[in-house]
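Student: Please take one part of this model and go through it closely. I would like the sheet, followed by whatever adjoins it in the description.

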There are 2 protein chains.
Amino acid sequence: MHSQPPSRRPPTIDNVAKLAGVSSATVSRVINHSAPVIPATLQKVQAAIETLNYRPSAAARILAQRKTDTLGLLMPEISETFFIPLLRGIEQAASQAGFSLLIHTTSYGPKNNPFAMLGEHNTDGLLIFSESLANEELARLQRSGFPVVLIHQDTPEGLRIPGITIDNQGGAQSLVDHLIEQHSRRRIVHLRGPQSANDALWREKGYRQSLAEHHIPVDPALVLPGNFDTDTAQNTICHLIQSGTAFDAIFSGDDSSALGVLAALREAGIRVPEDVSVVGFDDVDFASHVHPPLTTVHAPTEQVGERAVEQLLKLIAGEEVEPVTLLPVELVIRKSCGCD
Amino acid sequence: MHSQPPSRRPPTIDNVAKLAGVSSATVSRVINHSAPVIPATLQKVQAAIETLNYRPSAAARILAQRKTDTLGLLMPEISETFFIPLLRGIEQAASQAGFSLLIHTTSYGPKNNPFAMLGEHNTDGLLIFSESLANEELARLQRSGFPVVLIHQDTPEGLRIPGITIDNQGGAQSLVDHLIEQHSRRRIVHLRGPQSANDALWREKGYRQSLAEHHIPVDPALVLPGNFDTDTAQNTICHLIQSGTAFDAIFSGDDSSALGVLAALREAGIRVPEDVSVVGFDDVDFASHVHPPLTTVHAPTEQVGERAVEQLLKLIAGEEVEPVTLLPVELVIRKSCGCD
DNA sequence: TTGTACGCGTTATCAG
DNA sequence: CTGATAACGCGTACAA
């Protein structure tokens with residue numbers, strides 16, 4: 001299989017115009033419905049477009065109207081199950097609004113300035129996930145007046161960039177409340193996510209809040225690294241078990257961690273939920289299919305994506321926007337906590 | 001929070017030129033390293049770029065050079081865990097080559113022509129996943145001489161579009177061979193994927209091939225729909241158990257199905273692997289963390305993405321390309337088959 | 001209702 | 001080594 005024949009240049013609007021026997025302006029009007037055109041000429045133009053298989057050049061169009069109709073998505077990496085619904089929500093909302101989606105990750109590749117790939121030069125606005133960008137860069141972005149929306153990241157001190165996230169603290173608190181109130185657990189381990197993730201901070205805050213409200217002191221030996229990662233969580237729990245520390249429940253930082261937790265407990269012959277209650281966070285696809293089915297908090301991740309796009313589009317249109325959108329979460333009771 | 005101040009037009013190459021006291025041509029040369037420039041003027045230009053925070057307009061650049069430096073990815077939807085490593089491989093390879101990635105899904109949104117969003121007008125080439133596009137469209141694409149690479153889809157009859165996929169048949173066969181040879185299984189259920197997926201076809205072929213080579217007749221009652229989907233698989237196995245049909249192993253179409261299979265067997269009190277062996281396909285993240293750890297075939301999905309980009313770039317450069325790339329898979333023995 | 005002519009921001013060609 | 005200037009393909013006043 002060899003390269004295609006010397007690809008002749010694609011047809012231009014002028015080619016279409018000539019073939020249809022009209023001016024390029026009329027063709028433009030037909031394409032953009034920007035002005036009425038007599039049915040007869042309309043037909044001719046459409047026919048010409050069809051036979052030439054003509055598509056207007058995006059670049060020329062962008063240059064002329066000075067809008068790209070493209071949204072940029074900047075993310076640290078593409079790894080967790082978590083990203084699937086987020087991406088889906090974003091892509092869906094963007095394409096419904098007639099916008100294309102340009103994505104770029106900051107972790108891999110030559111660590112050149114992310115703005116070389118994504119910025120005002122090729123998008124109308126940017127969606128920035130989590131900690132993909134230093135605060136300094138965000139400040140510069142704000143100063144330039146370019147539309148930006150933050151996803152799952154708090155707006156840094158002093159800036160006014162709108163953000164979309166979920167009620168991490170409330171969700172975590174309701175989870176721990178449930179463990180304490182319904183299952184009389186008191187020695188509750190918490191596996192915290194990465195230090196850099198805002199989600200992790202708020203979830204830990206919810207954990208501490210619940211404990212405080214139930215007058216249970218926080219035992220530092222029970223607050224351990226989970227890193228939102230299955231293997232890390234599994235290791236941490238293994239060590240915890242070997243150390244002989246007593247505990248009767250585990251609030252994993254997220255569902256991925258919970259998977260590691262379940263594996264570690266199983267290996268040690270500790271029964272879930274009889275001996276130890278386990279809960280996750282996010283309610284990803286596999287949460288209901290693991291054994292035992294995972295009690296967790298449902299994060300409306302797809303909606304987060306949709307709302308983020310919605311906000312960004314408003315910003316682009318010059319409309320007002322909420323400084324921060326906090327989407328509600330919902331406790332999902334299954335069996336790993338001890339219910340049923 | 002309200003919309004940003006009236007965003008002044010971004011700086012142009014002429015602004016930079018004026019500020020640096022040179023012509024726009026020289027600025028262009030500095031930016032693109034397209035011709036030598038005296039150190040003194042170089043400095044001035046770079047300084048001007050810096051103070052103006054100038055970024056060349058992608059659209060103008062594309063229009064002038066008639067290349068977009070952008071790759072398009074067309075996929076049916078963003079759903080399975082499976083897509084994560086694929087996307088990662090693609091994004092990584094693309095950005096390393098200095099290409100941007102434009103993605104679009106065909107399932108959601110107004111079912112307008114996918115080419116309205118992705119095509120020659122805004123990309124240099126297209127990556128097409130699985131069955132996101134009718135063969136007729138593919139034919140048109142080939143006729144236009146536009147670079148296209150197929151991912152996880154066989155090249156349709158009569159066309160010569162290069163494709164990247166994995167050795168589905170070989171993988172499936174080695175899985176079933178293992179079940180028969182190492183664990184003496186003979187009543188092996190197969191949960192097939194969606195009819196439309198080439199992967200599913202080849203996996204079933206591998207299953208039949210293995211059976212044939214071991215002189216085991218195929219029992220149609222054991223070849224059932226799995227749809228590469230957890231819930232479907234769970235239902236199918238439930239019904240199978242209720243029907244009283246005898247079986248001693250299950251080759252799930254993929255790991256997602258295997259999750260449903262495990263859940264169904266657990267509910268019915270059937271032990272894995274003592275009573276029934278279970279194997280998956282793909283080796284997704286959770287495969288090693290479910291109970292029992294899943295014996296499966298490792299699909300090099302991230303590499304598929306990388307290779308696809310690699311091939312597409314060659315095509316764009318006018319180089320020759322293999323008609324079909326079949327990436328090898330590897331049997332991953334864990335415990336769900338009965339080993340250990 | 002339609003056509004003309006210019007601007008959009010870069011790169012490329014050709015002199016100097 | 002550097003500076004004019006002509007494309008690049010499309011939208012859009014403005015004129016007809």
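In what order do the strands of the open sheet of 12 strands run, and what kind of pairing does the sheet have?

Tutor: The model is predicted, and local features are given where pLDDT is at least 70, side-chain atom pairs where pLDDT is 80 or more, while totals for chains, interfaces and linings use all residues. Residues are numbered from 1 along each chain as its sequence is written, and chains are lettered from A and ligands numbered from 1 in the order in which they are written.

The order is β11(A)-β5(A)-β4(A)-β3(A)-β1(A)-β2(A)-β2(B)-β1(B)-β3(B)-β4(B)-β5(B)-β11(B), and the pairing is mixed. Each of the edge strands, β11 (324-327) of chain A and β11 (324-327) of chain B, has a single partner strand, so one side of each lacks a neighbour in the sheet. From one strand to the next the twist averages 20°. Axes here are lines fitted to C-alpha atoms, for helices over the stretch in contact, with angles from 0 to 180 degrees between N-to-C directions. Strands (E, at least two residues) and helices (H or I, at least four) are DSSP runs numbered from the N terminus, and two strands pair if DSSP finds at least two bridges between them.

At the chain A edge, β5 (residues 163-166) of chain A and β11(A) pair in the parallel sense over four bridges. In that pair, A:Thr165 is opposite A:Leu326. Where the chains join in the sheet, β2 (residues 100-105) of chain A pairs with β2(B) in the antiparallel sense over three bridges, with A:Ile103 opposite B:Leu101.

The β2 strand also appears in the contact between the chains, which takes 61 residues from chain B and 61 residues from chain A. Contact means that C-beta atoms, placed from the backbone, lie within 7 Å. On the chain B side, two or more residues come from each of α4, α5 (83-96), β2 (100-105), α6 (114-117) and α11 (255-267). α5(B) gives the most, eight residues. By class, that side has 28 nonpolar, 24 polar and nine charged residues. Ala, Val, Leu, Ile, Met, Phe, Trp, Tyr, Cys and Pro count as nonpolar, Asp, Glu, Lys and Arg as charged, and the others, Gly among them, as polar. Of the interface residues of chain B, 98% are also interface residues in chain A, so the copies meet through the same surface.

A turn of 180° with a shift of 0.0 Å along the axis lays chain B on chain A with an RMSD of 0.1 Å. That is the relation of a two-fold axis. The superposition is by least squares on C-alpha atoms of residues with pLDDT of at least 70 in both copies.

α4 also returns at the DNA. DNA strand D has 27 residues around it, and A:Thr12, A:Ile13, A:Ala60, A:Ala64 and B:Ala25 come nearest; a residue is near if its C-beta atom, placed from the backbone, lies within 6 Å. α2 (24-32) and α4 (58-65) of chain A and α2 (24-32) and α4 (58-65) of chain B each give two or more residues to that surface, with the largest share, five residues, from α4(A). The surface near DNA strand D has 15 nonpolar, 10 polar and two charged residues. DNA strand C is surrounded by 28 residues, the closest being A:Ala25, B:Ile13, B:Ser28, B:Ala60 and B:Ala64.

Terms used
Two residues are in contact if their C-beta atoms, placed from the backbone, lie within 7 Å.
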